[in-house]
Amino acid sequence: MSEATKEQAREHGLIARVFHWGFIVVFVYALLKQLDAIEQLQDPDLLRFEMVFAMGFLALLAVRFTYMRITMPTALPASTSPRLKVLARAGHLAMYLSLATMAISGLAIGAIYSSGSPEGAGMRIAMFFHENAILVAYLSIGLHIAAAVFHRLKGDGIWSSMVPIWKETQN
Ligand code: HEM
Ligand code: HEM
């Protein structure tokens, strides 16, 4: 697979890679600790923990997004077709937006619950966003991983710009 194209992707830097893989650890932890029912929020310690965690999650996402925007949001070379660039950008944005929506709707659930009206329309709307954001996140992450594997099979260096294993045998 050493068939290097004229313009290979540049590697993402160490900080970008730590953000990418470190965030996945945080995300998996968030999934493992997910709540099963709203009644669990009766425990004030759990409610406080969930709120602090969601704020940290959101802050981490914002810092990572800003860092990537001002450095190198994608390793796709300049010669990539505009359609593919838009597709990649849309895919990345879908992940950021769905993950942010999960945290923001979680914060809304906590705020509404604390204000003493857990049965109202506000809570139903917040729950709707919370439950559907996770579906969009799973879908966009699934497509993202499929796209990464596709690039690996193409051997254009995008996979190796971020993933430390199964690299193309170049350099
Ligand atoms: C929770 C799971 C994941 C999320 C949320 C995620 C998110 C992202 C995002 C937003 C980017 C764009 C750069 C950035 O803003 O950091 C990116 C880049 C990338 N990710 Fe993931 N990723 C995930 C899992 C994976 C996995 C499992 C793989 C490989 C098997 C992978 C491979 C890549 C590659 C190759 C790039 C570079 C793409 C480019 O430079 O255009 N990602 N990822
Ligand atoms: C980044 C932060 C968060 C993530 C990633 C997250 C993730 C999840 C996931 C994956 C589920 C399961 C959804 C489903 O089965 O459809 C869930 C359920 C739930 N989450 Fe969160 N959550 C976060 C923050 C919060 C916060 C801050 C609260 C409230 C204080 C909260 C309250 C709930 C409740 C009440 C449920 C159960 C919904 C039901 O009855 O099925 N979450 N969360």
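1. The secondary structure of this protein amounts to 5 helices and 0 strands. Read from the N terminus, the order of elements is α-α-α-α-α. The coordinates under review are those of a predicted model, and the remarks below should be read accordingly.

2. On overall dimensions, the C-alpha trace extends over about 60 × 30 × 25 Å along its principal axes. The chain has 171 residues, of which 32% count as buried. The protein exposes about 10700 Å², and 70% of that area is supplied by carbon and sulfur atoms. Among contacts with a separation of 6 or more, 72% are between residues 24 or more positions apart.

3. The site of ligand 1 deserves attention. Its iron atom is coordinated by His20 (NE2) and His144 (NE2), at 2.0 Å. Because His20 belongs to helix α1 (residues 14-32) and His144 to helix α4, the pair ties together parts that are 124 residues apart in sequence. The site is octahedral, with 6 donor atoms and angles of 87 to 180° among them.

4. The two histidines at this iron atom may also be described by their accessibility. His20 is buried, at a relative accessible area of 13%; this value falls in the buried class because the limit is under 20%. His144 has a relative accessible area of 27% and is partly exposed.

5. For ligand 2, the iron atom has a single donor from the protein, namely His130 through NE2, at 2.1 Å. His130 is located in helix α4, the helix that also contains His144. Helix α4 comprises residues 121-154.

6. Concerning charged pairs, side chains of opposite charge can pair when their charged atoms come close. The count for this model comes to 5 salt bridges. One of them joins the side chains of Glu11 and Arg17, with an N to O distance of 3.6 Å. Glu11 is partly exposed at 41% relative accessibility, and Arg17 is likewise partly exposed, with a relative accessible area of 25%.

7. A further salt bridge links Arg48 with Asp45, whose closest N and O atoms are 3.3 Å apart. Both residues are in helix α2 (residues 44-70); because they are 3 residues apart there, about one helical turn separates them. Arg48 and Asp45 are both exposed.

8. Asp156 and Lys154 form another salt bridge, in which the closest N and O atoms are 3.9 Å apart. This distance satisfies the criterion, because a salt bridge requires the nitrogen and the carboxyl oxygen to be within 4 Å. Asp156 is buried, at 11% relative accessibility, whereas Lys154 is partly exposed at 48%. Elsewhere, salt bridges with shared partners join Glu11, Arg17 and Lys167 into one network.

9. On the surface, Ile145, Val149, Leu153, Ile165 and Trp166 make a nonpolar patch of about 510 Å². Ile145 lies in helix α4 and is partly exposed, its relative accessible area being 49%. Ile145 qualifies for the patch on accessibility because the requirement is over 30% relative accessible area.

10. Trp166, another member of that patch, merits a check of its backbone. Its phi is positive, about 50°, although the residue is not a glycine. Trp166 is found in the segment after α5 (158-162). At 48% relative accessibility, Trp166 counts as partly exposed.

11. A final point concerns helix α3, which covers residues 82-114 and includes Ala94. Ala94 is partly exposed, with a relative accessible area of 27%. Where does Ala94 stand relative to Arg83, 11 residues apart along the chain? The C-alpha atoms of Ala94 and Arg83 are separated by 16 Å.

Notes. Residues are numbered from 1 along each chain as its sequence is written. Chains are lettered from A and ligands numbered from 1 in the order in which they are written. This is a predicted model: local features need pLDDT of at least 70, side-chain atom pairs count only at pLDDT 80 or more; totals for chains, interfaces and linings use all residues. Side-chain values use heavy atoms; hydrogens and water are left out. Patches are made of residues with over 30% relative accessible area and no salt bridge: like charges are joined within 9 Å, nonpolar side chains (Val, Leu, Ile, Met, Phe, Trp, Tyr) within 5 Å. Accessible areas come from the Shrake-Rupley method with a 1.4 Å probe; for residues, only the protein chains shown count as cover. Helices (H or I, at least four residues) and strands (E, at least two) are DSSP runs, numbered from the N terminus. Buried means under 20% relative accessible area, exposed over 50%, partly exposed in between (1.4 Å probe, protein chains only). Donors are N, O and S atoms within 2.8 Å of the metal (3.2 Å for Na, K and Ca); water is not among the atoms, so sites may look incomplete. Four donors count as tetrahedral if all angles lie between 85 and 135 degrees; four count as square planar and six as octahedral if opposite donors are over 155 degrees apart and all others between 65 and 115; anything else is irregular. Contact means heavy atoms within 4.5 Å.
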